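The exercises below are meant to be worked with the sequence and the coordinates open side by side. Try each task before reading the solution beneath it.

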Amino acid sequence: MVKRTLSEKLSILSDAAKYDASCASSGGERRDSRDGKGLGSAGGSGICHAYAPDGRCISLLKILMTNFCIYDCAYCINRASSRVERARFSVEEVVSLTVEFYRRNYIEGLFLSSGIIRSPDDTMADMVRIARTLREQEGFRGYIHLKTIPSASQELLDEAGRWADRLSINIEMPTEQSLSRFAPEKSAKGIRKSMADVRLRREASREGPTFRGKRPAKFAPAGQSTQVIVGADGADDRTILTQSSSLYASYGLSRVYYSAFSPIPDPAKALPLKAPPLVREHRLYQADWLLRFYGFGVEEIGGRSGMLDLEIDPKTAWALEHRERFPVDVNRASREDLLRVPGFGTKTVGRILAARRRGLVRYEHLKAMGAVLKNAKPFIIAGGWSPRGMLEAEALRARFAPQPEQMALF
Amino acid sequence: MRQVILPRVHTVAAWRREARALAAEGVPAEDVIWSVGEAPRDLFAGASGGGGRTGALPRTPEYLAREEGAGDRLRVSRKALDSIESALCHSDPERFGRGYRLVLRLSAGAVTWGDRADRDVRAVLEHAMAIGRDIHKMHAFVRFREVPADGPRRAFAAWFEPEHNCVERGTPFFAKRFGDMDWVIATPSVTARFEGGRLSFEETVSQQRPPEDATEDLWRTYYASIFNPARVMVKAMCAEMPKKYWKNLPEAELIPGLVRDAEARVREMAETAPASMPDRRTESLRETTRALLAEAEPQDALGRLNRQIGACARCGICAQATGAVPGEGPADAALMAVGEQPGDREDLAGRPFVGPAGQVFDREAQAAGLDRAAVYVTNAVKGFKFAPRGKRRIHQRPDAGEVAHCRWWLDLERQLVRPKLILGMGATAAEALTGSGRDIGRRRGRIEEASDGTPVLLTVHPSYLLRLPDRARAEAETERFRGDLAAAARIADSLA
């Protein structure tokens with residue numbers, strides 16, 4: 001094989017990594033290099049150093065160690081049967097790219113994933129070696145996210161969690177059946193077992209609670225995450241969200257990422273030719289937030305069809321379906337009820353509750369508290385405001401849905 | 001009318017000093033004209049004459065003494081002061097006057113901090129937020145270029161144009177992050193310099209950018225490759241990376257070309273498909289992988305059974321949980337203990353009886369003289385049934401259908417282990433073993449028979465003991481449970 005330059009390898013192996021949505025670099029252990037003996041800092045809120053024209057942020061050097069792979073997952077550009085160009089980085093190349101990019105303030109750290117070469121253990125061992133070299137040899141204190149390889153050995157997982165801030169393993173599909181159909185070599189049970197292992201290790205590394213709450217975990221301090229591909233199989237949104245809520249409850253995941261299936265060069269025949277609308281991905285994230293921070297249950301989201309409304313965000317859609325629960329009086333309602341008002345975020349609700357103690361909350365105060373009144377207006381009562389007939393109006397939905405486009409006249 | 005001129009570097013610290021001194025003198029906010037760098041032409045400033053100050057403040061001993069004492073009179077919360085000082089970096093010409101006014105008003109109790117209905121508070125909060133955003137963008141978009149170094153530390157330099165003068169507030173972050181190298185961040189007004197671990201600020205002298213760095217080509221390669229042409233969202237990009245920053249970002253020059261060619265690239269992808277390998281080749285690849293990943297078939301019958309249990313999909317429980325939790329213990333155990341179903345801990349660990357209820361069982365077994373290591377422990381239902389609630393899993397009792405499905409596996413397990421006695425703990429185990437889960441309270445301690453005639457001793461599930469709120473009752477029940485375990489040990493011994 002021809003020897004590739006570093007630039008060629010970077011081009012191939014970052015192109016191959018772009019279908020992973022995660023770019024988080026926040027949370028975890030606080031570190032810095034003020035002592036002058038190392039490089040980097042981490043633990044605050046993450047920073048997006050650039051944005052690509054696809055609207056996604058670039059926060060980490062997101063690359064594959066290699067895109068050679070013995071697995072044949074239909075949705076993946078790097079599957080064994082694909083004729084994509086292949087390359088492989090050496091440990092030193094990844095380390096040097098990470099450090100040089102980091103020193104120039106291009107990135108927050110490294111997100112390393114890999115195709116599976118020879119065996120899961122061999123692959124994982126190489127990835128762990130990269131993380132170790134960065135930490136021990138380069139004194140790198142920036143962020144490291146390692147994608148763990150299913151069914152790699154326990155010792156390698158132990159070491160990976162010691163060097164990395166975050167570990168992740170992709171669940172890939174909304175159901176076990178889809179996974180075995182599209183990724184015959186992967187096992188949903190094996191993937192869930194890996195997540196369980198990470199959770200147990202994180203808990204074991206906390207060394208007991210302190211007076212001020214839980215100690216941060218030393219093992220993968222920034223937690224674990226996963227990704228599910230949307231639109232490659234026939235699963236509806238409720239199935240996807242049901243899986244997510246079960247994963248959040250079971251393994252303490254920091255995030256589930258939803259990646260709208262993107263038609264890739266050389267698509268395998270098992271896949272649909274058309275991509276799902278990107279807005280579906282967006283609605284899933286919104287619904288995911290409602291599940292985690294707004295007290296919604298899976299059964300409440302998605303209406304009768306099990307699919308999220310693409311035109312209206314899920315919270316407004318829910319409110320329109322449950323008009324009998326509105327208007328909500330901002331001066332009296334419980335936190336739970338306030339959280340259900342479209343246009344009120346968790347911060348706004350916190351501010352309303354605080355302001356209520358000082359005196360009557362008036363309509364004109366709400367904007368300064370962060371409420372989006374355009375959305376909230378029909379659903380609330382506040383000092384000096386009542387929605388009157390707005391809530392019953394037939395046309396209420398039309399306020400939120402995008403304007404229908406008029407057909408061109410011939 | 002007083003006129004205060006603040007220096008361009010360390011402006012905020014100087015403002016704080018001046019504000020204290022003015023407050024100590026009792027100067028009202030409307031009597032002060034603030035400016036940075038040089039004196040503005042203000043007709044009224046000179047006209048008021050008298051106490052007006054121009055240029056730097058006199059540093060006489062009595063002035064400094066006044067300044068010291070002033071701290072006692074001005075009382076402002078740390079949070080408020082932090083926001084006010086942050087807002088001072090804003091380019092709004094009114095910022096110093098507003099800050100001084102607000103400090104006086106807050107100190108006098110004329111306004112509460114955080115009251116967004118107040119104009120000054122709101123303006124300060126909004127400005128502080130704008131500065132926060134500006135600093136955040138600075139942390140994101142500064143691009144260092146390597147420059148020749150004098151000593152052993154590598155040296156880097158950057159040119160950056162923030163919207164406001166946030167250099168002094170924004171650069172300590174870089175000192176923490178890039179502690180092992182020397183760097184300079186120059187902006188149109190102030191330059192931050194970090195050398196040998198010391199951060200200092202000075203007025204910017206030269207507006208020159210540092211020369212190009214070879215690594216920028218690699219960075220551009222990365223930027224172009226990580227972009228997915230199948231989803232162009234220029235608006236989303238520009239919202240987060242506004243065009244005003246582009247001129248100092250090495251990657252930004254690629255954007256127009258990437259956007260222009262995206263559609264053609266997607267079309268090309270669709271047209272050049274399909275280019276998979278021929279099916280026969282794919283099949284042989286899969287074959288190799290399968291062989292490589294295949295796990296060895298377990299040698300013992302129980303191991304083979306557990307593997308089958310692991311692949312069971314007769315009900316939906318195991319697909320939601322991590323997986324089936326097999327039984328554990330000697331394959332020829334005289335005593336088999338059967339619980340209800342694995343719980344949260346058991347599911348995570350993949351082993352039975354390791355959670356809170358399992359610990360109760362272990363503890364009481366030891367107290368009852370039952371050799372825990374000699375017991376084969378398993379569950380009536382092999383998967384953990386739960387309802388997700390936030391970050392927790394709430395245990396759900398398996399229904400009759402699920403118990404019946406899993407009974408198949410329990411029966412096979414019994415046939416392989418052939419225990420002399422089975423200890424059934426709780427209603428679900430009783431149901432799976434004897435066909436009825438009713439009246440455990442009455443039936444406990446008695447010996448019944450499983451379908452094949454094996455004696456079954458029934459007792460409560462250890463988790464029941466954990467749920468009893470009344471301490472005396474819990475102790476009494478635990479005592480009875482221990483008694484049942486002791487009986488089980490005795491009977492199993494006598495039958496073995």
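**Exercise 1. In which loop is A:R118 found, what is notable about its phi, and is the residue buried or exposed?**

Solution. Begin with the position: in this predicted model, A:R118 is found in the loop of chain A between β4 (109–113) and α3 (120–137). Next, read the backbone torsion, which shows a positive phi of about 50° at A:R118, although this residue is not a glycine. Most residues other than glycine have a negative phi. Finally, count the surroundings: A:R118 has 12 other C-beta atoms within 10 Å, and because a residue with 12 or fewer such neighbours is classed as exposed, A:R118 is exposed.

**Exercise 2. Apply the steps of the previous exercise to B:D439: where does it lie, and what is its phi?**

Solution. B:D439 lies in the loop of chain B that runs between α18 (426–434) and α19 (440–443). The phi of B:D439 is near 55°, again a positive value in a residue other than glycine. For the surroundings, B:D439 has 11 C-beta neighbours inside 10 Å and therefore counts as exposed.

**Exercise 3. Which peptide bond, from A:F326 to A:P327, is it by geometry, cis or trans, and where is A:P327 found?**

Solution. The omega of the bond from A:F326 to A:P327 is near -5°, and the bond is cis. Most peptide bonds are trans. To place the bond in the chain, note that A:P327 is found in the loop between α9 (314–321) and β9 (328–329) of chain A.

**Exercise 4. Describe chain A as a whole, from its secondary structure to its overall dimensions.**

Solution. Chain A contains 14 helices and 10 strands, and its C-alpha atoms fill a box of roughly 75 × 65 × 40 Å along the principal axes. A compact globule of 410 residues would have a radius of gyration near 22 Å, and the 24 Å of chain A agrees with this. Of the 410 residues, 53% count as buried. Among the contacts in chain A with a separation of 6 or more, 67% join residues that are 24 or more positions apart.

**Exercise 5. Which strands pair with β4 (residues 155–159) of chain B, and in what sense?**

Solution. On one side of the question, strand β3 (residues 145–147) of chain B is antiparallel to β4(B) and is joined to it by three bridges, with B:E146 standing opposite B:F156. Strand β5 (residues 182–186) of chain B, in turn, pairs with β4(B) in the parallel sense over five bridges, and here B:D182 is the bridge partner of B:A155. As for its surroundings, β4(B) is mostly covered, since four of its five residues are buried.

**Exercise 6. How do helices α16 (residues 356–367) and α21 (residues 471–495) of chain B pack?**

Solution. The two helices pack at an angle of about 65°, with their axes 9 Å apart, and the crossing is right-handed. The contact is made by B:E364, B:A365 and B:A367 of α16(B), together with B:T478, B:F481, B:R482 and B:L485 of α21(B). By type, these contact residues divide into four nonpolar, one polar and two charged.

**Exercise 7. How many residues of chain B are in contact with chain A, and which element contributes the largest share?**

Solution. Chain B brings 69 residues into contact with 70 residues of chain A. On the side of chain B, the largest share, eight residues, comes from helix α9 (residues 215–226) of chain B. Sorted by type, that side of chain B holds 38 nonpolar, 16 polar and 15 charged residues.

Definitions and conventions
Residues are numbered from 1 along each chain as its sequence is written. Chains are lettered from A and ligands numbered from 1 in the order in which they are written. This is a predicted model: local features need pLDDT of at least 70, side-chain atom pairs count only at pLDDT 80 or more; totals for chains, interfaces and linings use all residues. Two residues are in contact if their C-beta atoms, placed from the backbone, lie within 7 Å. Ala, Val, Leu, Ile, Met, Phe, Trp, Tyr, Cys and Pro count as nonpolar, Asp, Glu, Lys and Arg as charged, and the others, Gly among them, as polar. A residue is buried if 20 or more other C-beta atoms lie within 10 Å of its own, exposed if 12 or fewer, and partly exposed in between; C-beta atoms are placed from the backbone. Two strands pair if DSSP finds at least two bridges between them. The radius of gyration is taken over C-alpha atoms; the globule rule is 2.2 Å times the number of residues to the power 0.38. Axes are lines fitted to C-alpha atoms, for helices over the stretch in contact, and angles run from 0 to 180 degrees between N-to-C directions. A crossing is left-handed if the near helix is turned anticlockwise from the far one by less than a right angle, and right-handed if clockwise.
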